[in-house]
Amino acid sequence: QVQLVESGGGLVEAGGSLRLSCAASGRTFSPRTMAWFRQAPGKEREFVAHIYWSSSTTYYADSVKGRFTISKDNAKNTVYLQMNNLKPEDTALYYCAARQSITTPYDYWGQGTQVTVSS
């Protein structure tokens with residue numbers, strides 16, 4: 001079983017920055033992609049960004065493109081989300097996720113870390 005643990009959330013003013021981390025542990029970890037999702041109160045969970053574990057190819061939601069950067073450290077089994085120029089609408093519970101195949105849903109999820117952006 002794989003466990004994902006997020007950290008780095010907090011309260012920040014609009015225009016500020018935060019860096020989220022997601023550390024994976026458990027059995028041999030070799031996902032196809034890892035991703036960040038977020039869910040704001042009263043809204044559905046939405047995709048933020050993903051990264052291919054082997055190639056480091058990335059993809060972003062339009063709403064965060066140019067402001068957020070996803071990266072990884074394979075040696076540490078950790079994925080990061082650098083969030084710059086944060087906006088109040090970025091306020092949400094941020095989850096990391098991992099999957100073994102790009103044709104299947106995400107298999108593993110963390111518990112989430114709260115990001116709150118004040119105006």
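How many disulfides does the count come to? The count comes to 1 disulfide. The structure is a predicted model. The protein has 0 helices and 11 strands. A disulfide joins C22 and C96, and a network of salt bridges links R38, E46, R67 and D90. Strand β4 ties into both stories: R38 lies in β4, and W36 stands opposite C96 in β9.

**Overall fold**

- Along the sequence, the pattern reads β-β-β-β-β-β-β-β-β-β-β.
- The radius of gyration is 13 Å, close to the 14 Å that the globule rule gives for 119 residues, so the protein is as compact as a globular protein of that length.
- The C-alpha trace spans about 40 × 25 × 25 Å along its principal axes.
- Of the 119 residues, 45% count as buried.
- Take the contacts with a separation of 6 or more: residues 24 or more positions apart account for 53% of them.
- The accessible surface comes to about 6100 Å². Carbon and sulfur atoms hold 48% of that surface.

**The disulfide**

- The sulfur atoms of C22 and C96 sit 1.9 Å apart.
- C22 belongs to strand β3 (residues 18-26) and C96 to strand β9 (residues 92-99), so the disulfide ties together parts that are 74 residues apart in sequence.
- The torsion about the S-S bond is about 40 degrees, so the disulfide is right-handed.
- Are C22 and C96 buried or exposed? Both cysteines are buried.

**Strand β4 and its partners**

- Strand β4 covers residues 33-39. Of its 7 residues, 6 are buried.
- In a regular strand, side chains alternate between the two faces of the sheet.
- β4 runs antiparallel to strand β5 (residues 46-52), and 6 bridges join the two.
- T33 has Y52 in β5 as its bridge partner.
- The hairpin of β4 and β5 has 6 residues between the strands. In this hairpin, G42 takes a positive phi near 75 degrees.
- β4 also pairs with β9, again in the antiparallel sense, over 7 bridges.
- Which residue stands opposite C96? W36 does. C96 is also the β9 end of the disulfide.

**Salt bridges**

- Side chains of opposite charge can pair when their charged atoms come close.
- The count comes to 4 salt bridges.
- R38 and D90 form one of them, with the closest N and O atoms 2.9 Å apart. R38 lies in strand β4 and D90 in the loop between β8 and β9, so the pair ties together parts that are 52 residues apart in sequence.
- Both R38 and D90 are buried.
- D90 also meets R67 in a salt bridge, at 2.7 Å from N to O. R67 lies in the loop between β6 (58-60) and β7 (68-73), 23 residues from D90 in sequence.
- R67 is buried, as is D90.
- Which residues are linked in a network of salt bridges? They are R38, E46, R67 and D90.
- K65 and D62 meet in a salt bridge of 3.1 Å, N to O.
- K65 counts as partly exposed, at 48% relative accessibility. The cut-off for exposed is over 50%, so K65 falls short of it.
- D62 counts as exposed, at 65% relative accessibility.

**The loop between β8 and β9**

- E89 sits in the loop between β8 (78-83) and β9. D90 lies in this loop too.
- Is E89 buried or exposed? E89 is exposed, with a relative accessible area of 56%. Its neighbor in the numbering, D90, is buried.
- How far apart are E89 and V117 in space? Their C-alpha atoms are 7.6 Å apart, with their positions 28 residues apart in sequence.

How values were computed. Residues numbered from 1 in each chain as written. Predicted model: local features only at pLDDT ≥ 70, side-chain atom pairs only at ≥ 80, totals over all residues. Heavy atoms only, no water. Disulfide = S-S within 2.5 Å. Helix = DSSP H or I, 4+ residues; strand = E, 2+ residues; numbered from the N terminus. Buried < 20%, exposed > 50% of the residue type's maximum accessible area, 1.4 Å probe, protein only. Pairing = 2+ DSSP bridges. Salt bridge = Lys/Arg side-chain N within 4 Å of Asp/Glu carboxyl O. Rg over C-alpha atoms; globule rule 2.2 N^0.38 Å. Contact = heavy atoms within 4.5 Å. Areas by Shrake-Rupley, 256 points an atom, 1.4 Å probe, with all protein chains shown as cover.
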